[in-house]
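Here is a quick look at one helix and a handful of ring contacts. Pull up the viewer and follow along.

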Amino acid sequence: MEKELLKYLKSQRIMSFITSSSNKPWGATVYYTVDNKLNLYFISEPNTKHIKDTIKNKNVACVIASSSQRVTDKKIGVQLQGIVSEVRGVTKLKQILKMWNEANVGFKDVINYENIKKRVIKSKVYQVKPTNIKFFNEKLYGEEGTRTLSI
């Protein structure tokens, strides 16, 4: 399951990111990348509502699915729960930014370590470490087929 899940996650770019503070959920859409351990990484400004929410509650939910799927297609997508944290450390930041720019081509002159360090951009890098993943894949698992991975 993990091999097919990782392949699917690497084929997508956009993630719905759901936070909650004071029992009031909030959703945001972010561009992401994923490492081989199924950790998801995205870039966002610290003053956004979704990041402010994570300061109060690090538990998040994420949904990844292609918007080009038709209702008649075999369903494929991911729902997950995880813990969000800010990525720190020069080596780690450079590694994640390189991965992010390889997955999301066209912004490496803007979204890079030097611009974050010099505060040319206000954005920071965040990690979602999954704790529970539900992988919908009717091609692999049949109609209404899913597999769940608890990490």
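## A ring cluster

Start with the aromatics: Tyr8, Phe135 and Tyr141 are joined into a cluster by ring pairs. Keep in mind that this is a predicted model.

Within that cluster, Phe135 and Tyr141 make an edge-to-face pair, with 6.1 Å centre to centre and 85° between the planes. Phe135 and Tyr141 are both buried.

## A stacked pair across the chain

The structure has four aromatic pairs. One of them is Phe42 with Tyr126: the ring centres sit 5.6 Å apart and the planes meet at 25°, so this pair counts as stacked, given that the cut-off for stacking is under 30 degrees.

This pair ties together distant parts of the chain, since Phe42 belongs to strand β3 and Tyr126 to strand β6, 84 residues apart. Both Phe42 and Tyr126 are buried.

## Helix α2 and its two faces

Now for the helix. Which residues of α2 are buried? In this helix, which spans residues 49-56, they are His50, Ile51, Asp53 and Thr54. Looking down the axis of α2, these buried residues fall within an arc of 155°, so they line one face of the helix. As background, an α-helix has 3.6 residues a turn, so residues three or four places apart point the same way.

Flip to the face turned away from the buried side of α2 and you find the exposed residues Ile55 and Lys56.

## What covers the helix

The cover over the buried residues of α2 includes strands β1 (14-21), β2 (24-34), β3 (40-44), β4 (59-64), β5 (76-86) and β6 (124-137). Strands β3 and β6 are familiar from the stacked pair, as they hold Phe42 and Tyr126 respectively.

Key: Residues are numbered from 1 along each chain as its sequence is written. This is a predicted model: local features need pLDDT of at least 70, side-chain atom pairs count only at pLDDT 80 or more; totals for chains, interfaces and linings use all residues. Side-chain values use heavy atoms; hydrogens and water are left out. Buried means under 20% relative accessible area, exposed over 50%, partly exposed in between (1.4 Å probe, protein chains only). Helices (H or I, at least four residues) and strands (E, at least two) are DSSP runs, numbered from the N terminus. The arc is that of the directions from the helix axis to the C-beta atoms. Contact means heavy atoms within 4.5 Å. Rings of Phe, Tyr and Trp (its six-membered ring) pair if their centres lie within 6.5 Å; planes under 30 degrees apart count as stacked, over 60 as edge-to-face and the rest as tilted.
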